[in-house]
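Please find below some notes on the aromatic side chains of this model, set out as numbered points for discussion.

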Amino acid sequence: METVVSGIRSTGKLHLGNYYGAIQNFVKMQHEYNCYFFIADLHSLTTHPTPADLHGNIKQVLVEYLAAGINPETATIYLQSDVPEISELYLYMNMNAYLGELERATSFKDKVRANPDNVNAGLLTYPVLMAADIIIHKATKVPVGKDQEQHLEMARTFANRFNRLYNKEVFPEPYAFNYSESLVKIPGLDGAGKMGKSEGEGNAVFLSDSPEAIRKKVMRAVTDSGPTAENQEKPVEIQNLFDIMKVVSSADTYTHFDNLYNSCQVRYGDLKKQLAEDIIIATTPIREKINDIANDAPYLRQVAKHGAIKARESAQRTLKEVRETIGFRSF
């Protein structure tokens, strides 16, 4: 089976965008590929979380991975920091990554503009660590969003550069992998872009949100004064609600409200109430599992330990080859 690698930063709770945009596919692909799903706790250090927040966020993502249906007996789930071979490979790859190409990375320039007082070396070399995450398992398929495609291109560059430098095909080329035919993008509730944590609590519906919290968030979602002509194009904030409905509601429900909108009879209060209840129905099984797993400390320790052992077996094989290729040998 081909190897797939994907990680998610441990920056807090997972939301509908994470689930429908990525994790739902992870659950399916784990049966068809050799999958490594990791929690990117080293990457999260660029924003300097407190020790308590770091540990809590790592636990949250691990719990939610498991609750969403990723099976630790089928896929390898592990913490990035539990595999020190990644950090060693990151060091070697940094020796062949050049300042100019790292400074040109779009995400780095965006981060510099957004946080001019926290331009740390970890931000600059973020693509190198991402490359190490991928090539440590010699992965060929990487599920990434549009915003990560440049980083994946850089990972290919670093892998190929290493192969050329040492005249040996150590690393295969990793490529973007869209498991489903169409990527599911979940918009936020603020009427702007995609659902995300950084846009504020009210923009995202989290998998662990209570029914009351979901209702409150959805009822506060941005809308307009309503359609003024039949079959008019929906403005962005209204289209966003319909896009979420398309994913969580039945086709009949979506068609019902779409017809009401097109005939200028829609009442946004009714639409939001229906949308909230459908989100609650869709997330209830996951939320119940989150609550159960979060309280099972022995199980979480077992999963993390088992995942670390499996991930390190793969990583150690690669690193042994890398060290020998570079010229590190025992006397």
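1. In this predicted model, a single aromatic cluster is formed by Tyr36, Phe38 and Tyr78, and the number of aromatic pairs comes to 10.

2. Among these pairs is the one between Phe26 and Phe37, which is stacked, with 4.4 Å from centre to centre and 15° between the planes. Phe26 belongs to helix 1 (residues 16-29) and Phe37 to strand 2 (residues 34-40), so the contact ties together parts that are 11 residues apart in sequence. Phe26 has a relative accessibility of 5% and therefore counts as buried, and Phe37, with a relative accessible area of 0%, is buried as well.

3. Phe242 and Tyr254 also form an aromatic pair, here with an edge-to-face arrangement, the centres being 5.7 Å apart and the planes at 90°. This pair links distant parts of the chain, since Phe242 lies in helix 10 (residues 236-248) and Tyr254 in helix 11 (residues 251-262), 12 residues apart. As for solvent exposure, Phe242 counts as buried at 0% relative accessibility, and Tyr254 counts as buried at 16%, because the cut-off for that class is under 20%.

4. Phe242 deserves a second mention, as Lys234 lies over the face of its ring, at 4.6 Å from the ring centre. Another placement of this kind involves Lys13, whose charged end sits over the ring of Phe206, 4.8 Å from the centre of that ring.

Notes
Residues numbered from 1 in each chain as written. Predicted model: local features only at pLDDT ≥ 70, side-chain atom pairs only at ≥ 80, totals over all residues. Heavy atoms only, no water. Phe/Tyr/Trp six-rings, centres within 6.5 Å; stacked < 30°, edge-to-face > 60°. Helix = DSSP H or I, 4+ residues; strand = E, 2+ residues; numbered from the N terminus. Buried < 20%, exposed > 50% of the residue type's maximum accessible area, 1.4 Å probe, protein only. Lys NZ or Arg CZ within 6 Å of the ring centre and 35° of its normal.
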